[in-house]
Amino acid sequence: MSKAPQPNDPQAAEKQARIVEARMALMRRFEKKMAATPARSDGKPLGSGAPNRHGMPKLPAGQHETQGWPVLDLGIQPAVPTAKWQLVADGAVENPVTLSWNDFLALEQAEDVSDFHCVTTWSKMDVPWKGVRFAELAALVGPKPDATHVLCHAYDDYTVNLPLEEALKPDVLLVHTAEGKPLAREHGGPVRMITPQLYAWKGAKWIRRIEFLTQDVLGFWELRGYSNTAHPWREDRYA
Ligand SMILES: Nc1nc2c(c(=O)[nH]1)N[C@H]1C(S)=C(S)[C@@H](COP(=O)(O)O)O[C@H]1N2
Ligand SMILES: [Mo]
């Protein structure tokens, strides 16, 4: 077992509070900087990943490329063995499911190469991923006609919300493999979501439940002032 605090560890709340405070300080610095500079153009098309980068600078404004892969979370890195891992998809759907690891691997598998933009200003470019398209899972459960959003829940109690139209983009994957290797626990293994066209906080590590909703419900960072739309090409970091 690792030394990272687990969900019920008393250290965890303290560690999380320090991480949140550091990130709120970053948000305040950014807001001060934006208030002191002219507005950036909002005219750029959305998109990410090699196929969508035509005519765009390689990196969204305010981002720098990282060669490694930083680890960012709330300080809790739950250990979820694949034998115990389950993914629930429920809420405003016709056929709620609880998938085991084998059920998940039996779904149609997808591969993609896309970018990963963290709001704290690093970007990891051209990451090869393997997993299951969110759209594949959505097709399996059948969202009700009035479903408009999803709230993703993770094993570390993190939550993040997405409008259905963003989640259904073909590069939104539930990934189990990155750069040819099983997704490491510190990056959200066994399975995390990725949202290449939005800042990376929109993709839940250690995902355990996707709740389909008929209205928007804010997630962990959205409740603390992060943008609810989160478009990196618009430097849409904070609300
Ligand atoms: N469950 C969970 N998912 C999460 C987070 C988290 O704290 N908990 N942090 C988010 C943020 S802010 C980022 S940038 C990415 C970081 O992923 P990485 O640690 O693999 O780089 O995960 C996102 N998903
Ligand atoms: Mo992030």
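## Helix α1, strand β11 and two cysteines

In helix α1, the buried residues are A12, V20, R23, M24, M27 and F30. Buried means under 20% relative accessible area, with a 1.4 Å probe and protein chains only. Keep in mind that this is a predicted model, where local features need pLDDT of at least 70 and side-chain atom pairs count only at pLDDT 80 or more. Residues are numbered from 1 along each chain as its sequence is written, and side-chain values use heavy atoms, with hydrogens and water left out.

**Helix α1**
- Helices here are DSSP runs of H or I with at least four residues, while strands are runs of E with at least two.
- Helix α1 covers residues 10-35, and its end C-alpha atoms sit 39 Å apart, which agrees with the 38 Å expected for 26 residues.
- That expected span is 1.5 Å times one less than the number of residues.

**Strand β11 and its partners**
- Five of the seven residues in β11 (residues 207-213) are buried.
- Strands pair if DSSP finds at least two bridges between them.
- Strand β2 (residues 86-91) runs parallel to β11, with four bridges joining them, and A89 has I210 as its bridge partner.
- On the antiparallel side of things, β6 (residues 149-154) pairs with β11 over six bridges, and L151 is partnered with E211.

**Cysteines**
- The whole structure has zero disulfides, a disulfide being a pair of cysteine sulfur atoms within 2.5 Å.
- Why no bond for C152? The closest cysteine sulfur, in C118, is 17 Å from its own, too far for a bond.
- C152 is buried at 0% relative accessible area, and C118 also counts as buried, at 6% relative accessibility.

Notes: Chains lettered and ligands numbered in written order. Buried < 20%, exposed > 50% of the residue type's maximum accessible area, 1.4 Å probe, protein only.
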